[in-house]
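Q: I would like to go through this model step by step. Could you show the sequence and structure before we start?

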2 protein chains.
Amino acid sequence: MGALTARPLAGLPEITAGADLATLILDAGPAPADDEIVVVAHKAISKAEARIRALDSIVPSPRAHELAAANDKDPRHVQAILDESAELLRADHGVLIARTPHGFVCANAGVDESNTPGDGLLILLPRDPDRSARALRARLRELSGRSPAVLISDSFGRAWRLGQLDTALGCAGLVPLDDWRGRHDRRGRELRASVIAVADAVTAAADLTREKDSGEPVVIVAGLGQHVQADDGPGAAALIRPIAEDLFN
Amino acid sequence: MGALTARPLAGLPEITAGADLATLILDAGPAPADDEIVVVAHKAISKAEARIRALDSIVPSPRAHELAAANDKDPRHVQAILDESAELLRADHGVLIARTPHGFVCANAGVDESNTPGDGLLILLPRDPDRSARALRARLRELSGRSPAVLISDSFGRAWRLGQLDTALGCAGLVPLDDWRGRHDRRGRELRASVIAVADAVTAAADLTREKDSGEPVVIVAGLGQHVQADDGPGAAALIRPIAEDLFN
(Lines give C-alpha, C1' and ligand atoms only; values in the text may rest on other atoms or scores of the structure.)
Protein backbone atom coordinates (compact mmCIF):
# COMPACT_ATOMS: atom_id res chain seq x y z
CA MET A 1 0.00 0.00 0.00
CA GLY A 2 1.25 3.47 -0.71
CA ALA A 3 0.57 6.95 0.51
CA LEU A 4 -2.84 8.58 0.48
CA THR A 5 -3.17 12.23 -0.48
CA ALA A 6 -6.17 14.56 -0.39
CA ARG A 7 -6.22 18.07 -1.79
CA PRO A 8 -9.08 20.55 -1.99
CA LEU A 9 -9.98 21.89 -5.43
CA ALA A 10 -9.72 25.66 -5.36
CA GLY A 11 -11.42 28.05 -7.71
CA LEU A 12 -14.89 26.57 -8.03
CA PRO A 13 -17.58 29.22 -8.45
CA GLU A 14 -20.69 29.32 -6.26
CA ILE A 15 -22.90 26.45 -7.42
CA THR A 16 -26.35 27.39 -8.72
CA ALA A 17 -29.39 25.37 -9.78
CA GLY A 18 -28.71 23.50 -12.99
CA ALA A 19 -24.93 23.91 -12.75
CA ASP A 20 -22.87 21.36 -14.66
CA LEU A 21 -20.57 20.32 -11.81
CA ALA A 22 -18.37 18.15 -14.02
CA THR A 23 -17.55 21.09 -16.26
CA LEU A 24 -16.84 23.31 -13.26
CA ILE A 25 -14.53 20.66 -11.76
CA LEU A 26 -12.63 20.17 -15.00
CA ASP A 27 -12.34 23.95 -15.48
CA ALA A 28 -10.86 24.32 -11.99
CA GLY A 29 -7.94 21.93 -12.38
CA PRO A 30 -6.43 18.95 -14.17
CA ALA A 31 -8.89 16.14 -14.87
CA PRO A 32 -9.02 13.68 -11.96
CA ALA A 33 -7.39 10.39 -12.95
CA ASP A 34 -9.04 6.99 -13.30
CA ASP A 35 -7.64 5.87 -9.95
CA GLU A 36 -8.57 9.04 -8.04
CA ILE A 37 -11.69 9.88 -6.05
CA VAL A 38 -13.67 13.11 -6.39
CA VAL A 39 -15.32 13.87 -3.05
CA VAL A 40 -18.12 16.43 -3.27
CA ALA A 41 -19.86 18.02 -0.29
CA HIS A 42 -23.55 17.29 -0.77
CA LYS A 43 -24.48 20.97 -0.63
CA ALA A 44 -22.87 21.50 -4.04
CA ILE A 45 -24.98 18.66 -5.44
CA SER A 46 -28.14 19.85 -3.69
CA LYS A 47 -27.67 23.38 -5.03
CA ALA A 48 -27.12 22.08 -8.57
CA GLU A 49 -30.21 19.89 -8.20
CA ALA A 50 -32.26 22.76 -6.71
CA ARG A 51 -32.91 20.79 -3.52
CA ILE A 52 -33.63 24.01 -1.68
CA ARG A 53 -36.70 25.28 0.14
CA ALA A 54 -37.62 28.78 1.19
CA LEU A 55 -38.67 29.04 4.83
CA ASP A 56 -41.36 31.54 3.77
CA SER A 57 -43.09 28.93 1.65
CA ILE A 58 -43.48 26.43 4.50
CA VAL A 59 -46.66 26.17 6.59
CA PRO A 60 -45.83 24.28 9.79
CA SER A 61 -48.20 21.59 11.04
CA PRO A 62 -49.33 21.47 14.68
CA ARG A 63 -46.74 18.74 15.28
CA ALA A 64 -43.98 20.91 13.82
CA HIS A 65 -45.06 23.78 16.11
CA GLU A 66 -44.99 21.46 19.10
CA LEU A 67 -41.56 19.99 18.31
CA ALA A 68 -40.18 23.43 17.51
CA ALA A 69 -41.32 24.84 20.84
CA ALA A 70 -39.85 21.92 22.76
CA ASN A 71 -36.51 22.07 20.92
CA ASP A 72 -36.01 25.80 20.39
CA LYS A 73 -36.27 25.66 16.62
CA ASP A 74 -38.07 27.50 13.84
CA PRO A 75 -41.36 25.59 13.23
CA ARG A 76 -40.89 25.98 9.45
CA HIS A 77 -37.45 24.36 9.71
CA VAL A 78 -38.98 21.56 11.77
CA GLN A 79 -41.70 21.06 9.14
CA ALA A 80 -39.01 20.73 6.46
CA ILE A 81 -37.22 18.17 8.66
CA LEU A 82 -40.46 16.19 9.08
CA ASP A 83 -41.05 16.37 5.32
CA GLU A 84 -37.57 14.88 4.73
CA SER A 85 -37.95 12.16 7.38
CA ALA A 86 -39.22 8.62 7.14
CA GLU A 87 -39.09 8.34 10.92
CA LEU A 88 -38.16 10.62 13.78
CA LEU A 89 -35.96 8.56 16.14
CA ARG A 90 -35.25 11.12 18.85
CA ALA A 91 -36.24 14.67 19.70
CA ASP A 92 -34.25 15.79 22.69
CA HIS A 93 -31.54 18.19 23.83
CA GLY A 94 -32.68 20.50 20.99
CA VAL A 95 -31.68 17.84 18.48
CA LEU A 96 -33.97 16.00 16.08
CA ILE A 97 -32.51 12.68 14.93
CA ALA A 98 -34.31 11.27 11.92
CA ARG A 99 -34.12 8.36 9.55
CA THR A 100 -34.42 9.74 6.03
CA PRO A 101 -36.20 7.95 3.18
CA HIS A 102 -32.71 6.94 1.95
CA GLY A 103 -32.10 5.22 5.31
CA PHE A 104 -29.58 7.71 6.69
CA VAL A 105 -29.81 8.40 10.41
CA CYS A 106 -28.77 11.98 11.03
CA ALA A 107 -29.60 15.24 12.77
CA ASN A 108 -32.41 17.29 11.23
CA ALA A 109 -32.80 14.77 8.38
CA GLY A 110 -29.89 16.62 6.80
CA VAL A 111 -31.90 19.84 6.39
CA ASP A 112 -29.45 22.66 6.91
CA GLU A 113 -29.61 26.40 7.36
CA SER A 114 -25.90 27.21 6.99
CA ASN A 115 -23.94 27.71 3.79
CA THR A 116 -27.21 28.22 1.91
CA PRO A 117 -27.30 30.39 -1.19
CA GLY A 118 -29.46 33.01 0.53
CA ASP A 119 -31.23 34.05 3.71
CA GLY A 120 -34.35 32.14 4.61
CA LEU A 121 -33.34 29.11 2.58
CA LEU A 122 -32.88 25.50 3.63
CA ILE A 123 -30.70 22.96 1.84
CA LEU A 124 -32.06 19.43 1.63
CA LEU A 125 -30.15 16.22 0.94
CA PRO A 126 -30.06 15.06 -2.69
CA ARG A 127 -33.05 12.89 -3.46
CA ASP A 128 -30.91 9.96 -4.63
CA PRO A 129 -27.24 10.62 -3.85
CA ASP A 130 -26.03 7.38 -5.45
CA ARG A 131 -27.73 8.37 -8.67
CA SER A 132 -26.20 11.85 -8.38
CA ALA A 133 -22.75 10.28 -7.92
CA ARG A 134 -23.20 8.01 -10.92
CA ALA A 135 -24.40 10.93 -13.04
CA LEU A 136 -21.43 13.09 -12.08
CA ARG A 137 -19.04 10.24 -12.79
CA ALA A 138 -20.62 9.61 -16.20
CA ARG A 139 -20.41 13.29 -17.07
CA LEU A 140 -16.75 13.49 -15.99
CA ARG A 141 -16.05 10.48 -18.21
CA GLU A 142 -17.94 12.03 -21.11
CA LEU A 143 -16.03 15.30 -20.87
CA SER A 144 -12.54 14.10 -19.90
CA GLY A 145 -12.35 10.46 -20.94
CA ARG A 146 -11.46 9.55 -17.36
CA SER A 147 -13.56 7.74 -14.77
CA PRO A 148 -12.50 8.75 -11.27
CA ALA A 149 -14.70 7.46 -8.48
CA VAL A 150 -17.19 9.95 -7.04
CA LEU A 151 -18.32 10.33 -3.43
CA ILE A 152 -20.97 12.69 -2.08
CA SER A 153 -20.60 13.58 1.60
CA ASP A 154 -22.35 15.21 4.51
CA SER A 155 -21.26 15.79 8.10
CA PHE A 156 -23.05 13.36 10.40
CA GLY A 157 -22.96 13.16 14.17
CA ARG A 158 -22.44 9.83 15.87
CA ALA A 159 -24.04 7.96 18.74
CA TRP A 160 -21.70 7.88 21.77
CA ARG A 161 -19.04 10.20 20.34
CA LEU A 162 -18.88 13.97 20.09
CA GLY A 163 -18.18 15.80 16.87
CA GLN A 164 -19.13 15.04 13.32
CA LEU A 165 -17.49 13.03 10.58
CA ASP A 166 -18.06 13.50 6.90
CA THR A 167 -19.97 10.44 5.77
CA ALA A 168 -20.70 8.97 2.33
CA LEU A 169 -24.23 9.66 1.07
CA GLY A 170 -23.50 8.74 -2.52
CA CYS A 171 -20.83 6.63 -4.17
CA ALA A 172 -19.95 5.56 -7.71
CA GLY A 173 -16.88 3.58 -8.72
CA LEU A 174 -15.49 3.05 -5.22
CA VAL A 175 -15.81 -0.18 -3.26
CA PRO A 176 -17.81 1.18 -0.28
CA LEU A 177 -16.99 -1.68 2.08
CA ASP A 178 -13.71 -3.59 2.06
CA ASP A 179 -14.65 -6.99 3.44
CA TRP A 180 -11.80 -8.87 5.11
CA ARG A 181 -14.02 -11.54 6.64
CA GLY A 182 -12.82 -14.98 5.72
CA ARG A 183 -9.34 -13.61 5.04
CA HIS A 184 -6.63 -14.28 7.58
CA ASP A 185 -4.31 -12.42 9.89
CA ARG A 186 -0.55 -12.79 9.77
CA ARG A 187 -0.70 -15.90 11.93
CA GLY A 188 -3.27 -17.54 9.66
CA ARG A 189 -6.17 -16.92 11.99
CA GLU A 190 -9.37 -15.87 10.28
CA LEU A 191 -10.25 -12.19 10.68
CA ARG A 192 -13.73 -12.52 12.09
CA ALA A 193 -15.22 -9.07 11.86
CA SER A 194 -13.20 -6.72 9.75
CA VAL A 195 -15.27 -4.88 7.21
CA ILE A 196 -13.79 -1.47 6.59
CA ALA A 197 -16.11 1.39 5.69
CA VAL A 198 -13.79 2.66 2.97
CA ALA A 199 -16.20 5.23 1.53
CA ASP A 200 -16.85 6.81 4.95
CA ALA A 201 -13.13 6.85 5.74
CA VAL A 202 -12.42 8.65 2.46
CA THR A 203 -15.10 11.30 3.06
CA ALA A 204 -13.80 11.82 6.61
CA ALA A 205 -10.25 12.21 5.30
CA ALA A 206 -11.33 14.62 2.57
CA ASP A 207 -13.10 16.87 5.06
CA LEU A 208 -9.85 17.41 6.96
CA THR A 209 -8.49 19.40 4.02
CA ARG A 210 -11.18 22.05 3.88
CA GLU A 211 -12.39 24.77 6.17
CA LYS A 212 -16.14 24.86 6.82
CA ASP A 213 -16.31 28.41 5.45
CA SER A 214 -13.95 27.87 2.53
CA GLY A 215 -16.45 27.35 -0.24
CA GLU A 216 -14.34 24.42 -1.42
CA PRO A 217 -16.86 21.62 -1.82
CA VAL A 218 -14.61 19.34 -3.89
CA VAL A 219 -11.60 17.36 -2.66
CA ILE A 220 -9.51 15.03 -4.83
CA VAL A 221 -8.20 11.91 -3.08
CA ALA A 222 -5.38 9.85 -4.60
CA GLY A 223 -3.58 6.69 -3.58
CA LEU A 224 -6.56 4.37 -3.19
CA GLY A 225 -6.64 2.96 -6.70
CA GLN A 226 -7.07 -0.55 -5.34
CA HIS A 227 -10.58 0.42 -4.24
CA VAL A 228 -11.57 2.25 -7.45
CA GLN A 229 -13.24 0.17 -10.13
CA ALA A 230 -14.72 0.66 -13.60
CA ASP A 231 -18.11 -0.53 -12.45
CA ASP A 232 -20.12 2.01 -10.44
CA GLY A 233 -20.78 -0.67 -7.82
CA PRO A 234 -23.49 -0.83 -5.15
CA GLY A 235 -23.21 2.78 -4.05
CA ALA A 236 -23.31 4.25 -0.56
CA ALA A 237 -26.64 2.51 0.02
CA ALA A 238 -24.49 -0.55 0.81
CA LEU A 239 -23.25 1.27 3.93
CA ILE A 240 -26.68 1.53 5.52
CA ARG A 241 -27.25 -1.06 8.21
CA PRO A 242 -30.59 -2.78 7.58
CA ILE A 243 -33.14 -1.74 10.21
CA ALA A 244 -33.65 -5.39 11.21
CA GLU A 245 -29.94 -5.66 12.12
CA ASP A 246 -29.82 -2.34 13.90
CA LEU A 247 -29.38 -2.65 17.66
CA PHE A 248 -29.76 1.09 18.31
CA ASN A 249 -33.07 2.23 16.85
CA MET B 1 -5.60 24.57 3.74
CA GLY B 2 -3.20 22.33 1.92
CA ALA B 3 -2.98 18.70 1.00
CA LEU B 4 -3.15 15.90 3.51
CA THR B 5 -0.88 12.90 3.14
CA ALA B 6 -0.78 9.62 5.04
CA ARG B 7 1.89 6.97 4.61
CA PRO B 8 2.37 3.69 6.47
CA LEU B 9 5.69 3.16 8.21
CA ALA B 10 7.28 0.00 6.86
CA GLY B 11 9.88 -2.09 8.60
CA LEU B 12 8.66 -2.15 12.19
CA PRO B 13 9.44 -5.45 13.93
CA GLU B 14 6.78 -7.46 15.75
CA ILE B 15 6.02 -5.55 18.96
CA THR B 16 6.67 -7.41 22.22
CA ALA B 17 5.99 -6.64 25.87
CA GLY B 18 8.17 -3.81 27.10
CA ALA B 19 9.10 -2.67 23.59
CA ASP B 20 10.23 0.94 23.26
CA LEU B 21 7.91 1.96 20.44
CA ALA B 22 9.50 5.38 20.00
CA THR B 23 12.90 3.83 19.33
CA LEU B 24 11.37 1.35 16.87
CA ILE B 25 9.54 4.17 15.04
CA LEU B 26 12.66 6.30 14.81
CA ASP B 27 14.73 3.30 13.64
CA ALA B 28 12.21 2.60 10.87
CA GLY B 29 12.31 5.99 9.16
CA PRO B 30 13.03 9.70 9.42
CA ALA B 31 11.86 11.30 12.65
CA PRO B 32 8.26 12.54 12.33
CA ALA B 33 8.17 16.34 12.25
CA ASP B 34 6.63 18.68 14.81
CA ASP B 35 3.59 19.24 12.59
CA GLU B 36 2.99 15.60 11.74
CA ILE B 37 0.81 12.99 13.43
CA VAL B 38 1.94 9.49 14.37
CA VAL B 39 -1.09 7.17 14.26
CA VAL B 40 -0.53 3.86 16.05
CA ALA B 41 -2.92 0.90 15.93
CA HIS B 42 -3.76 0.14 19.55
CA LYS B 43 -2.57 -3.45 19.24
CA ALA B 44 1.02 -2.26 19.04
CA ILE B 45 0.52 -0.28 22.24
CA SER B 46 -1.33 -3.12 23.97
CA LYS B 47 1.43 -5.58 23.07
CA ALA B 48 4.13 -3.21 24.36
CA GLU B 49 2.11 -2.72 27.55
CA ALA B 50 1.47 -6.47 27.90
CA ARG B 51 -2.29 -5.96 27.82
CA ILE B 52 -2.74 -9.57 26.80
CA ARG B 53 -4.60 -12.46 28.41
CA ALA B 54 -4.30 -16.17 27.77
CA LEU B 55 -7.64 -17.88 27.17
CA ASP B 56 -6.36 -20.84 29.22
CA SER B 57 -6.04 -18.68 32.32
CA ILE B 58 -9.67 -17.52 32.25
CA VAL B 59 -12.41 -19.22 34.27
CA PRO B 60 -15.79 -18.18 32.85
CA SER B 61 -18.60 -17.21 35.21
CA PRO B 62 -22.11 -18.62 34.78
CA ARG B 63 -23.12 -15.37 33.07
CA ALA B 64 -20.24 -15.69 30.61
CA HIS B 65 -21.30 -19.25 29.82
CA GLU B 66 -24.86 -18.09 29.24
CA LEU B 67 -23.90 -15.17 26.97
CA ALA B 68 -21.43 -17.35 25.10
CA ALA B 69 -24.03 -20.00 24.39
CA ALA B 70 -26.54 -17.39 23.20
CA ASN B 71 -24.04 -15.62 20.94
CA ASP B 72 -21.89 -18.47 19.63
CA LYS B 73 -18.72 -17.37 21.40
CA ASP B 74 -15.98 -18.92 23.54
CA PRO B 75 -17.09 -18.44 27.19
CA ARG B 76 -13.53 -17.50 28.16
CA HIS B 77 -13.52 -14.75 25.53
CA VAL B 78 -16.89 -13.58 26.86
CA GLN B 79 -15.50 -13.51 30.40
CA ALA B 80 -12.61 -11.34 29.22
CA ILE B 81 -15.13 -9.02 27.53
CA LEU B 82 -17.14 -8.76 30.75
CA ASP B 83 -13.95 -8.08 32.70
CA GLU B 84 -13.16 -5.18 30.33
CA SER B 85 -16.71 -3.76 30.39
CA ALA B 86 -18.30 -1.16 32.62
CA GLU B 87 -21.68 -1.98 31.10
CA LEU B 88 -22.99 -4.38 28.48
CA LEU B 89 -25.35 -2.36 26.24
CA ARG B 90 -26.45 -5.06 23.81
CA ALA B 91 -25.98 -8.77 23.30
CA ASP B 92 -27.61 -9.79 20.06
CA HIS B 93 -26.88 -11.08 16.56
CA GLY B 94 -23.75 -12.71 18.04
CA VAL B 95 -22.41 -9.28 18.90
CA LEU B 96 -21.68 -7.94 22.38
CA ILE B 97 -21.68 -4.14 22.51
CA ALA B 98 -20.09 -2.81 25.68
CA ARG B 99 -19.20 0.46 27.27
CA THR B 100 -15.63 0.17 28.53
CA PRO B 101 -14.34 1.81 31.72
CA HIS B 102 -12.78 4.47 29.44
CA GLY B 103 -16.29 5.25 28.10
CA PHE B 104 -15.80 3.75 24.64
CA VAL B 105 -18.83 1.98 23.17
CA CYS B 106 -17.60 -0.85 20.98
CA ALA B 107 -17.99 -4.50 20.08
CA ASN B 108 -16.52 -6.99 22.56
CA ALA B 109 -15.18 -4.17 24.75
CA GLY B 110 -12.26 -4.09 22.31
CA VAL B 111 -11.10 -7.58 23.31
CA ASP B 112 -9.74 -9.16 20.13
CA GLU B 113 -8.61 -12.58 19.03
CA SER B 114 -7.00 -11.63 15.70
CA ASN B 115 -3.48 -10.33 15.11
CA THR B 116 -2.49 -11.59 18.55
CA PRO B 117 1.11 -12.58 19.25
CA GLY B 118 0.15 -16.25 19.69
CA ASP B 119 -2.64 -18.79 19.67
CA GLY B 120 -5.04 -18.70 22.58
CA LEU B 121 -4.27 -15.09 23.38
CA LEU B 122 -6.56 -12.08 23.61
CA ILE B 123 -5.50 -8.48 23.15
CA LEU B 124 -7.14 -5.91 25.43
CA LEU B 125 -7.39 -2.16 24.95
CA PRO B 126 -4.68 -0.09 26.62
CA ARG B 127 -5.67 0.76 30.18
CA ASP B 128 -5.32 4.53 29.60
CA PRO B 129 -4.79 5.26 25.90
CA ASP B 130 -4.44 9.01 26.41
CA ARG B 131 -1.64 8.38 28.89
CA SER B 132 -0.06 5.94 26.44
CA ALA B 133 -0.24 8.59 23.69
CA ARG B 134 1.33 11.23 25.92
CA ALA B 135 4.10 8.83 26.96
CA LEU B 136 4.93 7.92 23.37
CA ARG B 137 4.96 11.58 22.39
CA ALA B 138 7.26 12.46 25.29
CA ARG B 139 9.61 9.62 24.39
CA LEU B 140 9.70 10.64 20.71
CA ARG B 141 10.56 14.18 21.83
CA GLU B 142 13.24 12.87 24.21
CA LEU B 143 14.88 10.80 21.47
CA SER B 144 14.44 13.01 18.41
CA GLY B 145 13.88 16.52 19.70
CA ARG B 146 10.61 16.64 17.79
CA SER B 147 7.05 16.57 19.11
CA PRO B 148 4.69 15.12 16.52
CA ALA B 149 1.15 14.53 17.71
CA VAL B 150 0.30 10.92 18.60
CA LEU B 151 -2.99 9.09 18.06
CA ILE B 152 -3.86 5.56 19.15
CA SER B 153 -6.61 3.89 17.11
CA ASP B 154 -8.93 0.92 17.03
CA SER B 155 -11.54 -0.18 14.49
CA PHE B 156 -15.02 0.51 15.85
CA GLY B 157 -18.37 -0.35 14.34
CA ARG B 158 -21.10 2.24 14.19
CA ALA B 159 -24.79 2.37 14.97
CA TRP B 160 -26.88 2.53 11.77
CA ARG B 161 -23.99 2.04 9.34
CA LEU B 162 -22.16 -1.06 8.22
CA GLY B 163 -18.41 -1.42 8.35
CA GLN B 164 -15.86 -0.15 10.79
CA LEU B 165 -13.89 3.07 11.02
CA ASP B 166 -10.63 3.48 12.85
CA THR B 167 -11.40 5.65 15.83
CA ALA B 168 -9.19 7.60 18.25
CA LEU B 169 -8.69 5.91 21.63
CA GLY B 170 -5.75 8.04 22.67
CA CYS B 171 -4.53 11.46 21.60
CA ALA B 172 -1.65 13.76 22.53
CA GLY B 173 -0.81 17.03 20.82
CA LEU B 174 -3.72 17.07 18.39
CA VAL B 175 -6.87 19.14 18.83
CA PRO B 176 -9.39 16.29 19.00
CA LEU B 177 -12.45 18.42 18.18
CA ASP B 178 -12.39 21.44 15.89
CA ASP B 179 -15.23 23.58 17.15
CA TRP B 180 -16.76 25.90 14.56
CA ARG B 181 -19.76 26.84 16.67
CA GLY B 182 -20.06 30.57 16.97
CA ARG B 183 -18.02 31.02 13.80
CA HIS B 184 -19.82 31.99 10.64
CA ASP B 185 -20.47 30.67 7.18
CA ARG B 186 -19.55 32.60 4.05
CA ARG B 187 -22.76 34.61 4.23
CA GLY B 188 -22.13 35.60 7.83
CA ARG B 189 -24.64 33.18 9.27
CA GLU B 190 -23.54 31.45 12.45
CA LEU B 191 -22.58 27.78 12.01
CA ARG B 192 -24.82 26.23 14.60
CA ALA B 193 -23.60 22.69 14.96
CA SER B 194 -20.27 22.11 13.33
CA VAL B 195 -17.82 20.40 15.59
CA ILE B 196 -15.47 18.26 13.54
CA ALA B 197 -14.10 15.09 15.12
CA VAL B 198 -10.60 15.75 13.80
CA ALA B 199 -8.91 12.93 15.72
CA ASP B 200 -11.40 10.33 14.49
CA ALA B 201 -11.11 11.60 10.92
CA VAL B 202 -7.32 11.29 11.08
CA THR B 203 -7.42 7.72 12.40
CA ALA B 204 -9.98 6.78 9.72
CA ALA B 205 -7.76 8.30 7.03
CA ALA B 206 -4.66 6.56 8.34
CA ASP B 207 -6.34 3.16 8.27
CA LEU B 208 -6.95 3.50 4.53
CA THR B 209 -3.20 3.21 3.92
CA ARG B 210 -2.67 -0.16 5.57
CA GLU B 211 -3.84 -3.67 4.92
CA LYS B 212 -5.30 -5.47 7.93
CA ASP B 213 -2.70 -8.22 7.58
CA SER B 214 0.24 -5.93 6.83
CA GLY B 215 1.82 -5.75 10.23
CA GLU B 216 2.15 -1.99 9.70
CA PRO B 217 0.68 -0.51 12.87
CA VAL B 218 2.11 2.99 12.39
CA VAL B 219 1.00 5.60 9.85
CA ILE B 220 2.45 9.10 9.56
CA VAL B 221 -0.04 11.84 8.64
CA ALA B 222 1.16 15.22 7.36
CA GLY B 223 -0.58 18.41 6.30
CA LEU B 224 -2.65 19.06 9.42
CA GLY B 225 -0.20 21.26 11.27
CA GLN B 226 -2.96 23.71 12.12
CA HIS B 227 -4.41 21.09 14.48
CA VAL B 228 -1.09 20.03 16.08
CA GLN B 229 -0.07 21.90 19.21
CA ALA B 230 2.79 21.86 21.69
CA ASP B 231 0.43 21.15 24.56
CA ASP B 232 -0.79 17.55 24.79
CA GLY B 233 -4.37 18.83 25.12
CA PRO B 234 -7.46 17.07 26.47
CA GLY B 235 -6.84 13.76 24.73
CA ALA B 236 -9.29 11.43 23.03
CA ALA B 237 -11.38 11.39 26.20
CA ALA B 238 -12.80 14.68 24.91
CA LEU B 239 -14.45 12.74 22.07
CA ILE B 240 -16.60 10.63 24.36
CA ARG B 241 -20.17 11.85 24.54
CA PRO B 242 -21.19 12.12 28.20
CA ILE B 243 -23.71 9.42 29.10
CA ALA B 244 -26.22 12.06 30.21
CA GLU B 245 -26.18 13.57 26.69
CA ASP B 246 -26.33 10.23 24.92
CA LEU B 247 -29.62 9.60 23.15
CA PHE B 248 -28.74 6.03 22.14
CA ASN B 249 -27.83 4.12 25.28
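Q: Into which domains is chain A divided?
A: This is a predicted model. Chain A is divided into domain 1, made of 5-50 and 127-241, and domain 2, which covers 52-122.

Q: What distance separates the centres of domain 1 of chain A and domain 2 of chain A?
A: Taken over C-alpha atoms, the centres of these two domains of chain A are 25 Å apart.

Q: And how many residues does the contact take from each domain of chain A?
A: Domain 1 of chain A contributes 9 residues and domain 2 of chain A contributes 8 residues.

Q: Which elements supply at least two residues on the domain 1 side?
A: In chain A, α2 (42-48) and β8 (149-156) each do so. Helix α2(A) gives the most to that side, with 3 residues.

Q: What is the make-up of that side by class?
A: The side of domain 1 of chain A that touches domain 2 of chain A has 4 nonpolar, 2 polar and 3 charged residues.

Q: Turning to helix α5 of chain A, what should its residues span?
A: Helix α5 (residues 129-144) of chain A has 16 residues, which at 1.5 Å a residue should span 22 Å. Its end C-alpha atoms are 22 Å apart, so the two values agree.

Q: Which residues of α5(A) are buried?
A: They are Pro129(A), Asp130(A), Ser132(A), Ala133(A), Leu136(A), Arg137(A) and Leu140(A). These buried residues cover an arc of only 160° around the axis, so they lie on the same side of α5(A).

Q: What covers them?
A: The cover of the buried residues of α5(A) includes α1 (21-28), α2, β8 and β9 (165-172) of chain A.

Q: What phi does Gly145(A) take?
A: Gly145(A), just after α5(A), has a positive phi of about 80°.

Q: New topic: what rotation superposes chain B on chain A?
A: A rotation of 180° with 0.0 Å of shift along its axis does so, with an RMSD of 0.0 Å. That is the relation of a two-fold axis. The same surface serves both copies, since 100% of the contact residues of chain B recur in chain A.

Q: How many residues does the contact take from each chain?
A: Chain B and chain A each provide 61 residues. Elements of chain B that supply at least two residues of its side include β1 (4-8), β4 (87-92) and β9 (164-172). Helix α6(B) gives the most to that side, with 7 residues.

Q: And by class?
A: The side of chain B that touches chain A has 30 nonpolar, 12 polar and 19 charged residues.

Key:
Residues are numbered from 1 along each chain as its sequence is written. Chains are lettered from A and ligands numbered from 1 in the order in which they are written. This is a predicted model: local features need pLDDT of at least 70, side-chain atom pairs count only at pLDDT 80 or more; totals for chains, interfaces and linings use all residues. Domain bounds come from an automatic or database domain assignment. Two residues are in contact if their C-beta atoms, placed from the backbone, lie within 7 Å. Helices (H or I, at least four residues) and strands (E, at least two) are DSSP runs, numbered from the N terminus. Ala, Val, Leu, Ile, Met, Phe, Trp, Tyr, Cys and Pro count as nonpolar, Asp, Glu, Lys and Arg as charged, and the others, Gly among them, as polar. Copies are superposed by least squares on the C-alpha atoms of residues with pLDDT of at least 70 in both. The expected span of a helix is 1.5 Å times one less than its number of residues. A residue is buried if 20 or more other C-beta atoms lie within 10 Å of its own, exposed if 12 or fewer, and partly exposed in between; C-beta atoms are placed from the backbone. The arc is that of the directions from the helix axis to the C-beta atoms.
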